[in-house]
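User: I would like to learn how to read the contacts between parts of a protein model. Could you take me through them one at a time?

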Amino acid sequence: MEKFVKLTGSACPIDQSNVNTDQILPARYLKWTRAMGIGKVLFHDLRFDAEGNERPEFPINKPAWRNPKIIVAARNFGCGSSREAAVYALCDHGVRCVIAPSFGDIFSGNAVQNGLLTATVTDEEASEIIDALTANPELPVAVDLEQQTVVCGNRTYAFAIDPVRRTRLLNGWDDIALTESYRDKIAAFKSKDQTKRPWAIPAANP
Amino acid sequence: MTAPQTLVDKLWSAHEILRRDDGESLLWVDRHYVHEGSFHAFNKLSERGVTVAEPGLTFGVADHYVPTRGSRRDIANPEIARMVRQVEENTAKHNIRLFGLDDPGQGIVHVVGPEKGLTLPGLLIVCGDSHTSTHGALGAYAFGIGASEVAHVLMTQTIWQKKPRRMRVTVDGATAPGISGKDIVLAIIAHIGADGATGCAVEFSGSAIRALSIEGRLTLCNMSIEAGARCGMVAPDQTTFSYLKGRPYAPAGAAFDAAVEEWSMLKSDPDAAFEEEVTLDGRRIAPVVTWGTSPEDALPIDASVPDPSSEADENRAKYLRDALDYMGIAPGKRLTDIAIDRVFIGSCTNARIEDLRAAAAVLAGRTSKVPGLVSAGSTPIKRQAEEEGLDRIFREAGLDWGESGCSMCVGINGDLVAAGERCASTTNRNFRGRQGPGARTHLMSPAMVAAAAVAGRLADVRPLLAGRKV
Ligand code: SF4
């Protein structure tokens with residue numbers, strides 16, 4: 001997994017709360033593999049109308065924000081379905097960081113697995129950044145995961161992230177390799193548990 | 001003396017293999033459910049050339065893409081057919097028991113698990129689906145995970161987790177007749193918000209929760225994710241044990257009695273501390289419907305939708321305007337004045353036998369003013385409903401009686417609500433486009449959907465229940 005340390009780039013404001021994973025990636029694209037180009041259909045139904053024409057009012061369709069590295073949104077971004085493909089769509093579109101006051105729990109877990117940073121700021125800070133970007137779309141935003149800061153214009157904001165997730169992103173760690181190193185402990189747990197909780201094993205396949 | 005523990009603490013420590021210094025724990029997984037959407041994870045296994053660590057603890061279903069009408073094997077859309085075939089191939093390759101298209105036990109994953117006795121108190125259960133929280137209704141620690149985590153569980157039968165905050169939601173007081181688990185959970189979400197329980201493991205308690213059947217508790221825990229919760233749970237009790245007795249994969253005979261003895265200890269100690277406490281008065285819960293595009297946009301049926309112009313907070317006013325605009329509802333309109341185009345009774349939220357009975361009790365001898373589909377949560381439930389004659393009631397009311405699957409809950413099998421159409425639905429998400437691009441969804445209980453069908457608009461079910469056995 002790619003490490004995340006620092007990032008500076010174009011930031012697209014999406015001034016909506018409860019942006020859910022159905023909106024990030026509509027369910028009909030869940031059949032797609034990543035190789036089919038899932039980044040192209042990011043926010044599909046928000047970006048395009050029923051005839052497939054761009055909706056000019058949706059921020060990602062505006063010239064300055066067509067290929068954002070960062071998205072700034074209102075509270076509860078990524079709520080809803082557990083589809084990790086929503087994170088694939090963001091990543092494959094080039095987004096590496098989402099800034100919001102809160103995130104769907106499963107979404108932020110999926111994000112860290114793919115090197116996407118979810119940076120938590122307050123409601124007021126998110127609105128301030130969104131307002132600044134709306135007033136000045138070209139304004140670059142700089143995110144520093146070591147310092148845990150977001151710099152937008154002449155303002156610097158501290159953001160929150162779970163320390164474990166922070167370490168994982170900074171190092172680009174892969175869970176599976178780590179877990180394999182605990183193979184013996186897992187085996188020991190399993191054999192002890194089987195005598196302790198015999199009822200936890202499914203009855204023979206009826 | 002150990003410190004008093006919550007149910008969450010007890011379930012957590014029973015599964016903790018190790019805890020790292022940074023606070024992440026490696027947990028043992030007792031049951032892993034997979035479905036068509038798990039193909040990303042199986043592909044990751046193929047890339048690494050590894051097999052499933054514990055196929056005996058892994059169970060598959062075909063639910064999200066299966067057709068509900070016509071011959072189940074004749075899937076016209078090749079992409080949908082491929083999704084169903086993939087889960088068949090992946091489970092066969094890895095020796096995983098599949099409740100597939102032709103299996104008499106087929107159904108929606110969160111219905112099949114409890115029904116088969118695979119879901120038990122005290123288990124840690126995961127599935128690559130957010131509504132895995134459903135299984136907590138039986139006193140399990142159950143949560144949805146993403147594809148990378150699914151691959152991790154397939155390879156190791158373990159998962160890394162950070163201990164969640166503990167929240168208790170207490171609903172005391174007897175609910176009025178006609179009030180179901182769905183009304184309770186929608187009232188809770190409206191109260192705490194769609195992110196009100198983010199990062200929390202929620203234990204539901206109180207006399208109104210205890211009084212719920214297992215079906216009602218499954219509905220409740222199913223929607224705990226709609227408040228952002230990591231998982232929801234109800235401590236197992238006699239209702240739970242009676243429900244589980246005799247289920248195919250549950251322990252039997254003396255093993256069952258021994259298990260019940262252990263399961264009986266799975267409850268929060270009297271003085272255990274929760275980081276968050278929320279209480280609701282069960283006596284004050286009326287039938288609830290959603291009016292907007294988030295499950296938190298829920299109101300009692302006798303209310304009116306909000307009026308953005310009387311909202312002081314500009315952000316909130318904008319949210320209300322956008323939601324009403326998408327839903328095509330005039331500000332301040334009375335909920336009971338909103339006409340509907342279609343109804344759907346189905347999904348892992350509300351398509352168990354009790355749900356179908358509740359809807360049939362309202363529809364018996366009446367006609368639906370709008371078209372609609374009823375899709376049982378599982379094939380066994382479908383059969384049971386037919387034995388009870390419920391299918392006849394639905395058909396005579398003018399509704400379609402389909403096969404079991406996720407169906408119109410998410411529409412990816414082709415059962416869609418058309419753009420602009422308004423659907424009264426027993427499902428769990430009223431997100432924009434959830435039931436199809438441009439579709440407008442109102443969430444409510446099965447009885448309330450039946451009432452909406454009869455009235456052709458959102459309606460209070462209570463008068464329709466007068467003199468009927470429910
Ligand atoms: S019925 Fe709906 S919510 Fe439940 S698993 Fe299927 S798609 Fe998800």
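**Reading domains and interfaces**

Analyst: The centres of domain 1 of chain B and domain 2 of chain B, taken over C-alpha atoms, are separated by 24 Å. The assignment places domain 1 of chain B at 7-276 and domain 2 of chain B at 290-464. Please keep in mind throughout that this is a predicted model.

User: How many residues does the contact take from domain 1 of chain B and from domain 2 of chain B?

Analyst: Domain 1 of chain B contributes 39 residues to the contact, and domain 2 of chain B contributes 40 residues.

User: What area do domain 1 of chain B and domain 2 of chain B bury between them?

Analyst: The size of an interface is often given as the accessible area lost when the parts come together. For domain 1 of chain B and domain 2 of chain B this comes to about 3,200 Å², with carbon and sulfur atoms accounting for 55% of it.

User: Which salt bridges and polar contacts should I look for between these two domains?

Analyst: The count between domain 1 of chain B and domain 2 of chain B is 3 salt bridges. For a pair to examine in the viewer, take the salt bridge of B:E226 with B:R429, in which the closest N and O atoms are 3.0 Å apart. Across the interface of domain 1 of chain B and domain 2 of chain B there are also 26 residue pairs in polar contact, both residues being at pLDDT 80 or more. On the side of domain 1 of chain B that touches domain 2 of chain B, the elements giving two or more residues are α4 (109-115), α6 (181-192) and α8 (214-222) of chain B. That side of domain 1 of chain B divides by class into 15 nonpolar, 16 polar and 8 charged residues.

User: How many residues does the contact between chain B and chain A take from each chain?

Analyst: Chain B gives 72 residues to this contact and chain A gives 57 residues. The area buried between chain B and chain A is about 5,100 Å², and carbon and sulfur atoms give 56% of that area.

User: How many salt bridges are there between chain B and chain A?

Analyst: There are 8 salt bridges between chain B and chain A, and one to inspect joins the side chains of B:D195 and A:R75 at 2.6 Å, N to O. Helix α5 (residues 147-156) of chain B gives the most to the side of chain B that touches chain A, namely 6 residues. The residues on that side of chain B comprise 32 nonpolar, 17 polar and 23 charged.

User: How does the radius of gyration of chain B agree with that of a compact globule?

Analyst: A compact globule of 470 residues would have a radius of gyration near 23 Å, and chain B, with 22 Å, agrees with this. The C-alpha trace of chain B spans about 55 × 55 × 45 Å along its principal axes, and the secondary structure of chain B comes to 16 helices and 19 strands.

User: What is the count of salt bridges over all chains?

Analyst: Over all chains the count is 46 salt bridges. Among them is the pair A:R155 and A:E128, whose closest N and O atoms are 2.5 Å apart. This pair links distant parts of the chain, with A:R155 in strand β7 (residues 155-158) of chain A and A:E128 in helix α5 (residues 123-135) of chain A, 27 residues apart.

Methods:
Residues numbered from 1 in each chain as written. Chains lettered and ligands numbered in written order. Predicted model: local features only at pLDDT ≥ 70, side-chain atom pairs only at ≥ 80, totals over all residues. Heavy atoms only, no water. Contact = heavy atoms within 4.5 Å. Buried area = accessible area lost by both parts, 1.4 Å probe. Salt bridge = Lys/Arg side-chain N within 4 Å of Asp/Glu carboxyl O. Helix = DSSP H or I, 4+ residues; strand = E, 2+ residues; numbered from the N terminus. Nonpolar A, V, L, I, M, F, W, Y, C, P; charged D, E, K, R; others polar. Domains from an automatic or database assignment. Polar contact = N/O pair within 3.5 Å; in protein donor to acceptor, adjacent residues only side chain to side chain. Rg over C-alpha atoms; globule rule 2.2 N^0.38 Å.
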